[in-house]
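Me: I'm new to reading protein structures, and I'd like a close look at one part of this one. Here is what I have open.

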Amino acid sequence: MWEEGGSILDYGEPETLEKWRNSEKTEKSEDPMRKQETELDFFEQEIGLLDVVGPRAREIIGQDCKVMSACVSRPYPLVVDRAKGSVIKDIDGKEYIDFIAGIAVMNSGHSNPEVNAAISAQLEKMVHCGYGDFFAEPPLKLAKKLRELSGYSKVFYCNSGTEAVEAAMKLALWKTKRPNFIAFYNAFHGRTLGALSLTCSKVRQKEHFPTMRTVHTHYAYCYRCPLNLEYPSCGVECAKQIENLIFRKELSPEDTAAVFIEPVQGEGGYIVPPQEFHKEVKRICTDNDVLLIADEVQTGCFRTGPFLAMENFEVRADITCLAKALGAGLPIGAMLADSTLMDWPPGVHSNTFGGNLLSSASALASLEFLEKENMENRVREMGTHIRQRLRELQENCPCIGDVRGLGLMIGAEIVKSDKSIDPIRRDRIVREAFKEGVLLLPCGDSVIRFSPPLVMTDEEADLGLDKFEKALRRAAK
Ligand SMILES: Cc1ncc(COP(=O)(O)O)c(C=O)c1O
């Protein structure tokens, strides 16, 4: 075959590539990517981009819109350049207080000197070896630290949250030989096709994509109880529905591999369930011989105080997924379980980058730093302080319907006067905050989330909240 067509090395070169380049030029007016230029228009019209960001940011955004897939969506035009602790500098030199932490990733702070030193030292030695095929010390040291912090005896490494969830799904399927899952409304577990089956946060994330069979049920969203009940008289009826409704009417426990749950729902709206909720879900799983899998991708690594958020609820899941903050900014995910459960044989599951040497070194240094700094207490104190200040704001700003959170995972739900959701005002507040120099992200239908680096100082938090207050007052008009 190659004899006729020539060598594989010159296949398509130079003619084909040249043709493609030319066709891109000639077909430009029909190029779907041109639609992305509207993002620039959107920023300009909606928030007066020219007044807010400098010329270098504007130029980068203009170029970015031409080459990046339009499926990523940005809430405002931040173009980052550098960062330290909880402060980010944009490409034109403006500083921002960071209440996002790279989507709950930079728990040990931006440019943490101890993490950076560990990365540099490993960089000098070796970056990647293909840990799935060989052995090395950094991922082993990290595994021992994870065992010490979590109590689970085995770890499987991957590169992201969605992959940790995929690994947990596969382990549950392999172990139980049952094909179905249970997950919750508002859940976010990732966007690869397995994890997406569990995700139930926004229909846009799922439309047109095939999924595995997952039955969704109600999470304890007490501010908007889906069952119109009141806590505590409800007796966490939402949890009980797994047993009383799903297992009776829709999906036999005999066919259920696992229940997937976030200790605090993240992307779905920073929803904190009452204490008994997780205990009840765990009881149902135990009684029905179904695995409980905690997705701690966002809640883990001291974000809510203890290393794992499930510790707040005194519940231990059979499998726990970690990612996000684990690598302190470098990609790494992990699935944790005990050896009696994670006893699958060689070759069943693996990947190329899991246990990457640089990511492992970064993760270990970050966990050691967070432990040494007694972050559990710090997170509780700071979380209480931020919630308190938001509740004070709420007294004069009825558009804040609910302030909730656990540790440094805090949500303010923005509502209309009849308590219905108000995503338009929510987005306006987030953009006004950006103009003030505060970085926030939306989540859920109408929530603003506060998930700062855990190292944020009292002064930074207060300055950020002062600026947030100004933004809120402007957007509330
Ligand atoms: C709870 C949870 N699980 C899974 C994921 C997916 O993680 P990733 O974006 O790293 O794939 C996220 C991401 O936000 C998450 O919050």
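Leaving aside its neighbours within four places in sequence, which residues is Val455 in contact with? Please take your time, and show me the helices around that part of the chain too.

Reply: Happy to. Keep in mind that this is a predicted model. Leaving out neighbours up to four places away in sequence, Val455 is in contact with Gly85, Ser86, Ser108 and Gly109. As for where Val455 sits, look in the loop between β15 (447-450) and α16. Is Val455 buried or exposed? Val455 has 21 other C-beta atoms within 10 Å, and 20 or more is what it takes to be buried, so Val455 counts as buried. One more pair to look at is Val455 and Arg378: they are 77 residues apart in sequence, yet 8.3 Å apart in space, going from C-alpha to C-alpha.

Now follow the chain from that loop into α16, which covers residues 458-476. Helix α16 packs with helix α14 (residues 375-396) at an angle of about 25 degrees, and their axes are 11 Å apart. That angle is under 35 degrees, so α14 counts as roughly parallel to α16. Their crossing is right-handed. On the α14 side, the contact uses Met382, His385, Ile386, Arg389 and Leu393, and on the α16 side Ala461, Leu465, Glu469 and Leu472. Sorted by class, this contact has 6 nonpolar, 1 polar and 2 charged residues. Here's a handy idea to bring to lists like that one: an α-helix has 3.6 residues a turn, so residues three or four places apart point the same way.

Next, try α13 (residues 357-372), which packs with α8 (residues 137-150). The angle between α8 and α13 is about 35 degrees, with 8 Å between the axes, and the crossing is left-handed. From α8, the residues that meet α13 are Pro138, Pro139, Lys141, Leu142, Lys145 and Leu149, and their partners in α13 are Leu357, Ser360, Ala361, Ala363, Leu364 and Leu367. By class, that gives 9 nonpolar, 1 polar and 2 charged residues in the contact of α8 with α13.

While you have α8 on screen, find Leu146, which belongs to that helix. Leu146 has 24 C-beta neighbours inside 10 Å, so Leu146 counts as buried. Skipping residues up to four places away in sequence, Leu146 touches Val155, Ala334 and Leu336. Leu146 and Leu364 are 218 residues apart in sequence but 8.8 Å apart in space, again C-alpha to C-alpha.

Helix α13 also packs with α7 (residues 113-125), this time at about 155 degrees, with axes 8 Å apart. An angle over 145 degrees counts as roughly antiparallel, so that is the word for α7 against α13. Here the crossing is right-handed. Glu114, Val115, Ala118, Ile119, Gln122 and Leu123 in α7 meet a set of α13 residues that includes Leu357, Ala361, Leu364 and Phe369. The residues of this contact divide into 10 nonpolar, 3 polar and 1 charged.

Another helix to look at is α11 (residues 237-250), where Cys238, Ala239, Ile242 and Phe247 are buried. Those buried residues pack against β5 (180-184), β6 (214-217), β7 (256-261) and α12 (275-287). In the loop between β6 and α11 you'll find Pro232, which is joined to Tyr231 by a cis peptide bond, with omega about 10 degrees. The loop between β7 and α12 holds Tyr270. Although Tyr270 is not a glycine, its phi is positive, about 45 degrees. Tyr270 has 25 other C-beta atoms within 10 Å, so it is buried.

There's a ligand to find as well. Of the 14 residues around the ligand, Ser160, Gly161, Thr162, Val297 and Gln298 come nearest. Helix α9 (residues 161-176) gives the most to that shell, with 3 residues. By class, the shell has 4 nonpolar, 7 polar and 3 charged residues.

Finally, zoom back out. The protein chain has 16 helices and 15 strands, and buried residues make up 47% of its 477 residues. Val455 is one of the buried ones.

Conventions. Residues are numbered from 1 along each chain as its sequence is written. This is a predicted model: local features need pLDDT of at least 70, side-chain atom pairs count only at pLDDT 80 or more; totals for chains, interfaces and linings use all residues. A residue is near a molecule or strand if its C-beta atom, placed from the backbone, lies within 6 Å of it. Helices (H or I, at least four residues) and strands (E, at least two) are DSSP runs, numbered from the N terminus. Ala, Val, Leu, Ile, Met, Phe, Trp, Tyr, Cys and Pro count as nonpolar, Asp, Glu, Lys and Arg as charged, and the others, Gly among them, as polar. Axes are lines fitted to C-alpha atoms, for helices over the stretch in contact, and angles run from 0 to 180 degrees between N-to-C directions. A crossing is left-handed if the near helix is turned anticlockwise from the far one by less than a right angle, and right-handed if clockwise. Two residues are in contact if their C-beta atoms, placed from the backbone, lie within 7 Å. Angles under 35 degrees count as roughly parallel, over 145 as roughly antiparallel, 65 to 115 as roughly perpendicular and the rest as oblique. A residue is buried if 20 or more other C-beta atoms lie within 10 Å of its own, exposed if 12 or fewer, and partly exposed in between; C-beta atoms are placed from the backbone.
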